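Biologist: I'd like a close look at one small part of this protein. Please pick a single spot, tell me what sits around it, and work outwards from there.

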Amino acid sequence: MRRRLQTLVQRKFKIVLLLLLLLALLLHLAMDLALPTARRHWSCDGKAPKASGAMSGSPLLAGPKKLSLRILQDFSGSNGSLEKSSHPQGAGPRAKDPEIQHQHGDTNQARTKGSKLAALFEHPLYNIPMPAVTDKDKLFVVNPMEKFSLQSSGSDEWVSSSKAETILPTGKTAYDTYPAWLKFHVGINRYELYPRRDPLMPTLLHDLATMRIVSSVQKSGGTQLKLIMTFPNYGQALFKPMKQSRDQETPVDFFYFSDFERHNAEIAAFHLDRILDFRRIPPVSGRLVNITKEIRDITTDKKLAKTFFISPAGNVCFYGECSYYCSTEHALCGKPDQLEGSMAALLPDKALAKRRSWRSPWRRSYHKSKKAEWELNPNYCAQVRQTPPYDRGHRLLDLIDMTVLDFLMGNMDRHHYETFEKFGNDTFLLHLDNGRGFGTHSHDEMSILAPLQQCCSIKKSTYLRLQLLATDPYRLSELLREALADDPLAPILAEPHLRALDRRLGKVLAAVGRCLARAARPGEVVVDDVGPWV
């Protein structure tokens with residue numbers, strides 16, 4: 001009897017256990033069928049992250065979004081790593097994930113819709129193909145075996161070895177070991193100072209604004225105080241200190257050759273030059289410099305060191321040595337030792353890449369009463385056209401491009417320009433030294449446009465872009481305002497200066513219109529440099 005009872009209990013227990021296992025299996029099957037439906041629902045309405053705190057904080061969801069934001073970095077001045085910025089956008093193993101690519105496309109479209117500057121650079125006029133660049137067209141032909149690194153001892157010694165492997169142990173090429181400033185130098189070619197969509201630019205601008213300064217010395221020559229600042233990776237920048245507040249205008253009784261050089265003009269000129277698609281001004285960023293720690297305490301320039309003092313207000317001041325405004329009365333003072341300035345990336349040393357300086361045919365007299373020949377002779381351009389290097393090629397048209405840039409920012413101080421000697425006469429002009437721009441917003445100096453008015457010639461590509469920048473979707477003042485908003489010292493320009501840009505742009509287009517109206521052949525006024533692309 002007892003055995004029977006034990007056997008019965010065991011059988012019932014086994015049956016109950018089997019039922020429990022069967023029930024668990026059914027529950028798993030039900031959950032597997034239900035989850036795909038829920039996922040499809042989340043992908044349609046996008047509300048899944050809000051439904052679960054665990055899901056919203058998941059790195060699997062956050063990762064692609066962060067990656068997309070990094071890939072979308074452009075000329076905003078935000079901090080991108082050297083490694084990421086040295087590769088084309090979307091490079092890297094994660095970019096192969098179709099989900100990430102889809103999200104990157106959506107983010108890029110949203111950014112383009114919200115950014116007028118991004119939309120401008122997508123316009124066909126900003127995507128005209130450049131000529132193929134050969135080794136002869138490069139400023140430097142790089143040895144792929146050379147790598148750049150700093151010794152870990154902290155000595156800041158450049159290690160360059162011809163025995164370096166082309167592919168380093170980390171998987172990087174030798175080019176990836178170069179600092180941003182060196183990549184900028186290596187990228188210069190016959191046709192442009194930097195490419196339209198340069199992934200390096202955010203890193204370079206960030207370095208100019210934030211990298212530690214190890215040396216500050218006064219730049220020799222020039223009429224006003226400028227400093228050469230050196231970084232730990234051997235990069236260098238030209239520092240122009242703040243001399244005027246944003247809302248100050250040049251006094252009406254000042255001659256153009258005695259005007260202040262403004263740091264914010266250098267910053268604005270770089271971005272304006274890029275918006276016009278010239279790309280002939282080296283990258284410039286604003287920076288707040290500590291006069292004590294980043295100039296006085298580290299300078300090896302004895303002449304500069306002698307000019308530091310403490311003002312009655314307790315601020316640190318200095319004035320250096322130069323032709324104009326280098327005295328106690330015109331000292332540069334911090335608050336108490338913080339001073340704004342522009343940091344411009346230096347071009348390669350002239351010992352490595354020789355540059356030729358050209359006197360502008362429309363140079364002013366730099367005299368209080370005398371006038372230059374072009375101011376007295378309305379047919380002056382005819383003799384310029386017969387004078388090398390303006391008698392052939394596109395040199396005269398390049399100079400008129402520079403004229404347009406100068407007129408838009410009110411710069412009367414363009415006495416010389418430079419080119420890279422290696423490329424001869426068939427290359428672009430360097431638009432250097434723009435500190436006397438943006439001094440007056442209430443007056444448009446029409447004499448700056450003399451080359452355009454007297455020669456009645458302009459590149460078709462330049463003319464079409466100027467027309468585009470006069471339309472509401474791409475208003476020049478709005479584009480420059482957006483470009484300058486990312487600078488560390490923003491706002492860079494007072495609003496009246498931005499409004500003056502639109503007014504002056506209208507006057508440039510009107511000048512071209514008058515030339516077209518009296519021209520027998522319009523092609524002699526608007527010279528085709530784009531062919532079938534436009």
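**Around T427**

Modeller: Let's start at T427: leaving out neighbours within four places in sequence, T427 is in contact with R190, H394, D398, T419 and F420. Keep in mind that this is a predicted model. T427 itself is found in the loop that runs between strand 12 (416-420) and helix 16 (450-455). Is T427 buried or exposed? It's buried, because its relative accessible area is 2% and the cut-off for buried is under 20%.

R190 is the partner from far back in the sequence: T427 and R190 are 237 residues apart along the chain, yet their C-alpha atoms are separated by 5.3 Å. That fits into a wider picture, since residues 24 or more positions apart account for 71% of the chain's contacts with a separation of 6 or more. For scale, the chain has 534 residues, 45% of them buried, and it contains 19 helices and 14 strands.

Two of T427's partners, T419 and F420, belong to strand 12, which spans 416-420. Another partner, D398, belongs to helix 15 (residues 395-409). So what is helix 15 like? It's mostly covered, with 15 of its 15 residues buried. From first C-alpha to last, helix 15 reaches 22 Å over its 15 residues, close to the 21 Å expected at 1.5 Å a residue. Just after helix 15 comes G410, which takes a positive phi of about 70°.

There's a second loop residue worth a look here, S360. You'll find S360 between strand 11 (355-359) and helix 13 (373-376). S360 is also buried, with a relative accessible area of 7%, which again falls under the 20% cut-off. Not counting residues up to four places away in sequence, S360 touches L399, R414, H415, H416 and Y417. Put that next to the T427 contacts and a link shows up: L399 of the S360 set and D398 of the T427 set both fall in helix 15 (residues 395-409). Likewise, H416 and Y417 are in strand 12 (416-420), as are T419 and F420 from the T427 set.

Now follow helix 15 to a helix it packs against, helix 10. In general, two packed helices are described by the angle between their axes and the distance between the axes. Here, the axes of helix 10 (residues 263-275) and helix 15 come within 11 Å and cross at roughly 130°. That angle makes helix 10 oblique to helix 15, and the crossing is right-handed.

Which residues do the touching between helix 10 and helix 15? On the helix 10 side they're A269, L272 and D273, and they meet L405, L408 and M409 of helix 15. By class, that contact has 5 nonpolar, no polar and 1 charged residues. The spacing is easy to read off, because an α-helix has 3.6 residues a turn, so residues three or four places apart point the same way.

To pull the part together: T427 is buried, and its contacts include D398 of helix 15. S360 is buried as well and touches L399 of that helix. Helix 15 in turn meets helix 10 through L405, L408 and M409.

Notes: Residues are numbered from 1 along each chain as its sequence is written. This is a predicted model: local features need pLDDT of at least 70, side-chain atom pairs count only at pLDDT 80 or more; totals for chains, interfaces and linings use all residues. Side-chain values use heavy atoms; hydrogens and water are left out. Axes are lines fitted to C-alpha atoms, for helices over the stretch in contact, and angles run from 0 to 180 degrees between N-to-C directions. Helices (H or I, at least four residues) and strands (E, at least two) are DSSP runs, numbered from the N terminus. Angles under 35 degrees count as roughly parallel, over 145 as roughly antiparallel, 65 to 115 as roughly perpendicular and the rest as oblique. A crossing is left-handed if the near helix is turned anticlockwise from the far one by less than a right angle, and right-handed if clockwise. Contact means heavy atoms within 4.5 Å. Ala, Val, Leu, Ile, Met, Phe, Trp, Tyr, Cys and Pro count as nonpolar, Asp, Glu, Lys and Arg as charged, and the others, Gly among them, as polar. The expected span of a helix is 1.5 Å times one less than its number of residues. Buried means under 20% relative accessible area, exposed over 50%, partly exposed in between (1.4 Å probe, protein chains only).
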